[in-house]
Amino acid sequence: MSDDQVLAEPGNQTRRALLAGAGAVGAAAVLAGCGSDDSGHAAAGPTSPAQSGQPVAKTGEIPVGGGKIFADRDVVVTQPKPGEFKAFSAICTHQGCKVTSIEGGTINCPCHASKFSIADGSVKAPPATKPLPAKEIKVTGDQISLA
């Protein structure tokens, strides 16, 4: 009996058919996670983005010339110069990965090595072509909140 005959009978599947199906599902999952545009709409998993008026950080938590990533809120807060605080989306504009580090004056994405300026969110190293979107913040005393 050939593989074609076994597949034609209801309820019968060959090992080859099962492996081919599993391979197709795996390939689809990989392709779904690797879009090719800069839309920033790739799935990054469920999050709880910060909302307006919600405290994000204390000023003392944010190093001068650096910043801090609040991944659970999808926000990066930076302090490019003493007393100057900025906030940006923590979602890379290249393919929607969350940024994971800040060093050397840039906010860095681990997925494809895009880098963004801590001062204005502009692209410092591709493949991203769009800046990180700015978030409006309000500093009251030592408290940083989204405006």
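This is a guided tour of the structure, stop by stop, for use with the viewer open.

**Whole chain**

Begin with the whole protein in view, keeping in mind that this is a predicted model. Its secondary structure comes to 2 helices and 11 strands, and along the sequence these follow the pattern α-α-β-β-β-β-β-β-β-β-β-β-β. Of the 147 residues, 32% count as buried, and among contacts between residues at least 6 apart in sequence, 44% join residues at least 24 apart.

**Confidence**

Next, colour the protein by pLDDT, which has a mean of 79, with 65% of the residues reaching 70 or more. Select residues 2-9, where pLDDT stays under 50 and the model has 10 contacts beyond four places in sequence. Then select residues 22-47, another stretch where pLDDT stays under 50, here with 25 contacts beyond four places in sequence. Where pLDDT is low, the predicted coordinates should not be read in detail.

**The β2-β3 hairpin**

Select residues 66-70, which are strand β2, together with β3; the two pair in the antiparallel sense over 5 bridges. To find one of these pairings, pick Phe70, whose bridge partner in β3 is Val75. The two strands form a hairpin with 4 residues between them, and the loop between β2 and β3 is where Asp74 is placed. Phi of Asp74 is near 60°, a positive value in a residue other than glycine, and Asp74 counts as buried, at 10% relative accessibility.

**Gln79 in strand β3**

Stay with strand β3, residues 75-81, and select Gln79 within that strand. Gln79 counts as buried because its relative accessible area, 6%, falls under the 20% cut-off. Show the side chain of Gln79 and follow it to the backbone oxygen of Ile62, which it reaches at 2.6 Å. Leaving aside residues up to four places away in sequence, Gln79 touches Thr59, Ile62, Pro63, Val64, Gly65, Gly66, Glu84 and Phe85.

**The four-stranded sheet**

Now bring up the open sheet of 4 strands, which lie in the order β5-β6-β7-β8 with antiparallel pairing. At its edges stand β5 (101-103) and β8 (123-125); each has a single partner strand, so one side of each is left without a neighbour in the sheet. From one strand to the next, the twist averages 35°.

Within this sheet, select residues 106-108 for strand β6 and residues 115-117 for strand β7, an antiparallel pair joined by 3 bridges. Ile107 has Phe116 as its bridge partner in β7. In the loop between β6 and β7, pick Ala113, where phi is again positive in a residue other than glycine, near 70°. At 45% relative accessibility, Ala113 counts as partly exposed.

**The nonpolar cores**

For the last stop, select the 12 residues of the largest nonpolar core: Val76, Phe88, Ala90, Cys92, Cys97, Val99, Ile107, Cys109, Phe116, Ile118, Ala128 and Leu132. The bridge partners Ile107 and Phe116 are therefore both members of this buried set. Centre the view on Ile118, which, not counting residues up to four places away in sequence, touches Gly65, Gly66, Thr78, Pro80, Lys86, Phe88, Ile102, Gly105, Thr106 and Ile107. There is also a second, separate core of 11 residues, which includes Val56, Ile62, Ile144 and Leu146. Ile62 is thus a place to end, as its backbone oxygen is the one reached by the side chain of Gln79.

Key:
Residues numbered from 1 in each chain as written. Predicted model: local features only at pLDDT ≥ 70, side-chain atom pairs only at ≥ 80, totals over all residues. Heavy atoms only, no water. Core = buried A, V, L, I, M, F, W, Y, C linked by side-chain atoms within 4.5 Å. Buried < 20%, exposed > 50% of the residue type's maximum accessible area, 1.4 Å probe, protein only. Contact = heavy atoms within 4.5 Å. Polar contact = N/O pair within 3.5 Å; in protein donor to acceptor, adjacent residues only side chain to side chain. pLDDT = per-residue confidence, 0-100. Pairing = 2+ DSSP bridges. Axes fitted to C-alpha atoms, helices over the stretch in contact; angles between N-to-C directions.
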